[in-house]
Amino acid sequence: MLFNIVIIYLFAAIGMVTGVFGTKIDDFKNSVKDLGVVEAKGDPPRVSFDSLGNMNLVISLINKYRVLHQVPTLDWNNTLAIYAANAAYPCDFRTTQGPYGEVLVGSTTVNNPEWFIWFIYGENTDYDFKNPKINDPRTKHFTQLVWASTKQVGCAFASGCPELKYQLWCEFSPKGNTGSQLAYRNNVKPADKSKEIPAMPPTNV
């Protein structure tokens, strides 16, 4: 089944990691500001992030889910996107234990990063809004997506990694999934039943 080949992780912890791709990403910082688009090619993979192209669809879908759950939308942050690209480039698909809320999604066949966000959102069916379980690994990706106090996000998409070909990395700031059960109730709101749930995007583009 398709769902068996999708792997997801989220981690939000204090710490910093310097990616081996850091110097190359730094060379492109001015291009990000001027063009809103960056592509950095390795062998493998190809890591890309942008504020105007495919990533705009990803952020748009995240914000649709946030509006559905009655919390403010997120702004794109290039610094977070650069961090995500640094993390994605080595093809080491595991959390960085960095300072941000981190969502990782990967697949051997699905190449649409927008679909990855839809897949993560599906965790909402396991979330107990009245009695939330703090740091429940089954719902941590969903709760970060709609965490009310998070303000910004940056993502990077890697293709060509040998073991997990397509990977989406998203960094959220301030990070979610922190604090007490009360913090969860204050930051993760039930869906507004008067609003339409976004349809499933295509798996491939």
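Which residues does Thr139 touch, not counting residues up to four places away in sequence? In this predicted model, the residues that Thr139 touches are Glu123, Asp126 and Tyr127.

## Thr139 and its surroundings

Thr139 lies in the loop between helix H5 (113-121) and helix H6 (140-145). The relative accessible area of Thr139 is 3%. Buried means under 20%, so Thr139 counts as buried.

## Disulfides

The whole structure contains 2 disulfides. With the bonded cysteines of the chain numbered in sequence order, the pairing reads 1-3, 2-4.

One disulfide is formed by Cys91 and Cys161, with an S to S distance of 2.2 Å. This pair links distant parts of the chain, 70 residues apart. Cys91 sits in the loop between helix H4 (78-88) and strand S5 (101-107), and Cys161 sits in the loop between strand S6 (152-159) and strand S7 (166-173). The torsion about the S-S bond of Cys91 and Cys161 is about -85°, so this disulfide is left-handed. Cys91 is partly exposed, at a relative accessible area of 22%, whereas Cys161 is buried, at 3%.

The other disulfide joins Cys155 to Cys170, with 2.1 Å from S to S. Cys155 belongs to strand S6 and Cys170 to strand S7, and the two cysteines are 15 residues apart. The link of Cys155 and Cys170 is right-handed, with 110° about the S-S bond. Cys155 and Cys170 are both buried.

## Strand S7 and its partners

How many of the 8 residues of S7 are buried? The count is 7, so S7 is largely enclosed by the rest of the structure.

S7 pairs with S5 in the antiparallel sense, over 7 bridges. Within this pairing, Gly101 has Phe172 in S7 as its bridge partner. S7 also runs antiparallel to S6, to which it is joined by 8 bridges. Phe157 stands opposite Leu168 in S7.

## The hairpin of S6 and S7

S6 and S7 form a hairpin with 6 residues between the strands. In this hairpin, Gly160 takes a positive phi near 105°. Cys161, the partner of Cys91, is in the loop between S6 and S7. The two strands are thus described by several features: the 8 antiparallel bridges, and the disulfide between Cys155 in S6 and Cys170 in S7.

Note on methods:
Residues are numbered from 1 along each chain as its sequence is written. This is a predicted model: local features need pLDDT of at least 70, side-chain atom pairs count only at pLDDT 80 or more; totals for chains, interfaces and linings use all residues. Side-chain values use heavy atoms; hydrogens and water are left out. Helices (H or I, at least four residues) and strands (E, at least two) are DSSP runs, numbered from the N terminus. Buried means under 20% relative accessible area, exposed over 50%, partly exposed in between (1.4 Å probe, protein chains only). Contact means heavy atoms within 4.5 Å. A disulfide is a pair of cysteine sulfur atoms within 2.5 Å. Two strands pair if DSSP finds at least two bridges between them.
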